[in-house]
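Here are some exercises to work through with the sequence and the 3D view side by side. Try each task yourself before reading its solution.

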Amino acid sequence: MNLRRRAAAYAVCRNADGRVLLTRGSEESAFPGVWSLPGGGIDHGEHPDDTVVREFGEETGLRVRITGLRAVLADLARLPDGSVEHTDRIVYDVEVTGGDLSPEAAGTTDAAEWVPPAEVAARPLLPFTAGILGVSFEATEVEVPAGEPERTGRVQRFGAYALASDPDGRILLTRIADGYPGAGLWHLAGGGTDFGETPERAVARELFEETSQRGRIAGLLDVSHRYDPAALGPEGVPLDWHVIRVVYRVTVERPTAAEVTEAAGGSTADAGWFTPEQLDGLPLTELTRDALGRTG
């Protein structure tokens, strides 16, 4: 069975009357005639913030500004050619700053329309769009197949990470093992999501594997990316590496000694709890510094 994986960014945009902007799939799309939030695939090396602005403009003719991060989700779909596609979706809130509404000239959408709230449910909607807009829909179960999509020379990975803290205000970090990008630096617990796995499930799994802790997601903190075309893999082989990262706030209400539980050969060498004072002078990854900076 052919397995595919993609990451995409979309936007919820409403006008002063409460109408929501939707786009319709063209004959070139996997689901012609079905309506969706404006958006599309994240190009290799592209920040998701830039993706949603670019795709919105291409599909609607409008310029927009991001006003918030609404949700991050993942789903499976069986495509008309019989393949199974896993899509990681980042959904933003945006507002229009300029441009004129016009459909995409040639591509996977052929119409863009401001739809009144009372009419949204009458449109055929992609399931993720229905879910985001609060419209009930009949979910189609797609069994998670065994295996992973075949990798090419480029690697685009979708990762979920935890800025985890305990009731005493300590921060939980992991140290990257030798042979991996960032070796020796202290990092947020987390890692790549598996095929068919949601980001929330992935961050819970990675948190336990890397630190032996169980936590509760308290909110969505940030979405970022890192593009390193010269990164070296564990075997010293260059990777055209692009990782898209979602960071959650996580509360560990009953902390225990932090211990790595994943099998030998993993990317995590050590784990530990740190007070804010102990973080000073600690060699941290860029992702960790940014997450700590966002929370003060």
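The exercises below concern a predicted model, and each solution goes step by step.

**Exercise 1. The four-stranded sheet**

Work out the strand order of the open sheet of four strands, and find which strands form its edges.

*Solution.*
- Step 1: Following the pairing from strand to strand gives the order E4-E1-E6-E5, and the pairing is mixed.
- Step 2: E4 and E5 each pair on one side only, which makes them the edge strands.
- Step 3: Now look at the two sides of E1. Towards E4, the strands run antiparallel and are joined by three bridges. Within this pairing, Tyr10 has Gly39 as its bridge partner, and Ala8 stands opposite Gly41.
- Step 4: Towards E6, E1 pairs in the parallel sense over 10 bridges. Ala9 has its bridge partner in Ile90 of E6.
- Step 5: For the twist, ignore direction: neighbouring strands of this sheet are turned by 20° against each other on average.

**Exercise 2. Is E1 enclosed or open to solvent?**

Decide how far E1 is enclosed by the rest of the structure.

*Solution.*
- Step 1: Apply the cut-off for a buried residue, under 20% relative accessible area.
- Step 2: Seven of the 10 residues of E1 are buried, so E1 is largely enclosed by the rest of the structure.

**Exercise 3. A second sheet and a helix**

Find the order of the open sheet of three strands, then describe how H1 lies across the strands of both sheets.

*Solution.*
- Step 1: The order is E3-E2-E7, with antiparallel pairing. The edges are strand E3 (35-36) and strand E7 (109-115).
- Step 2: E2 and E7 are joined by six bridges, and Val20 stands opposite Val115 in E7.
- Step 3: H1 lies across E2 and E7, at about 70° to E2.
- Step 4: H1 also lies across E1, E4, E5 and E6, where its angle to E5 is about 95°.

**Exercise 4. The second largest pocket**

Describe the volume and the lining of the second largest pocket.

*Solution.*
- Step 1: The volume is about 1200 Å³.
- Step 2: The lining has 48 residues, and those nearest the centre are Phe31, Asp75, Ala77, Arg89 and Leu126.
- Step 3: Assign residues to elements. Those giving two or more residues include strand E1 (3-12), helix H1 (48-60), strand E6 (84-99) and helix H3 (127-132). E5 gives the most, with six residues.
- Step 4: Sort the lining by chemistry: 19 residues are nonpolar, 15 polar and 14 charged.

**Exercise 5. Two acidic side chains**

Place Glu206 and Asp194 in the structure, and say whether each is buried, partly exposed or exposed.

*Solution.*
- Step 1: Glu206 is in helix H4 (residues 199-211). With a relative accessible area of 8%, Glu206 falls under the 20% cut-off, so this residue is buried.
- Step 2: Set aside neighbours within four places in sequence, and Glu206 is in contact with Gly190, Gly191 and Gly192.
- Step 3: Asp194 belongs to the loop between strand E11 (189-192) and H4. Its relative accessible area is 35%, so Asp194 counts as partly exposed.
- Step 4: With neighbours within four places again left aside, Asp194 is in contact with Arg5, His86, Glu148 and Arg205.
- Step 5: Finally, compare positions along the chain with positions in space. Asp194 and Arg157 are 37 residues apart along the chain, and their C-alpha atoms are separated by 9.8 Å.

How values were computed. Residues numbered from 1 in each chain as written. Predicted model: local features only at pLDDT ≥ 70, side-chain atom pairs only at ≥ 80, totals over all residues. Heavy atoms only, no water. 1 Å grid on protein atoms, 1.4 Å probe; cavity = no way out; pocket = protein on both sides within 12 Å on 5 of 7 lines; lining within 4 Å. Points joined across faces, edges and corners; volume = space filled by probe spheres on them. Nonpolar A, V, L, I, M, F, W, Y, C, P; charged D, E, K, R; others polar. Pairing = 2+ DSSP bridges. Axes fitted to C-alpha atoms, helices over the stretch in contact; angles between N-to-C directions. Contact = heavy atoms within 4.5 Å. Buried < 20%, exposed > 50% of the residue type's maximum accessible area, 1.4 Å probe, protein only.
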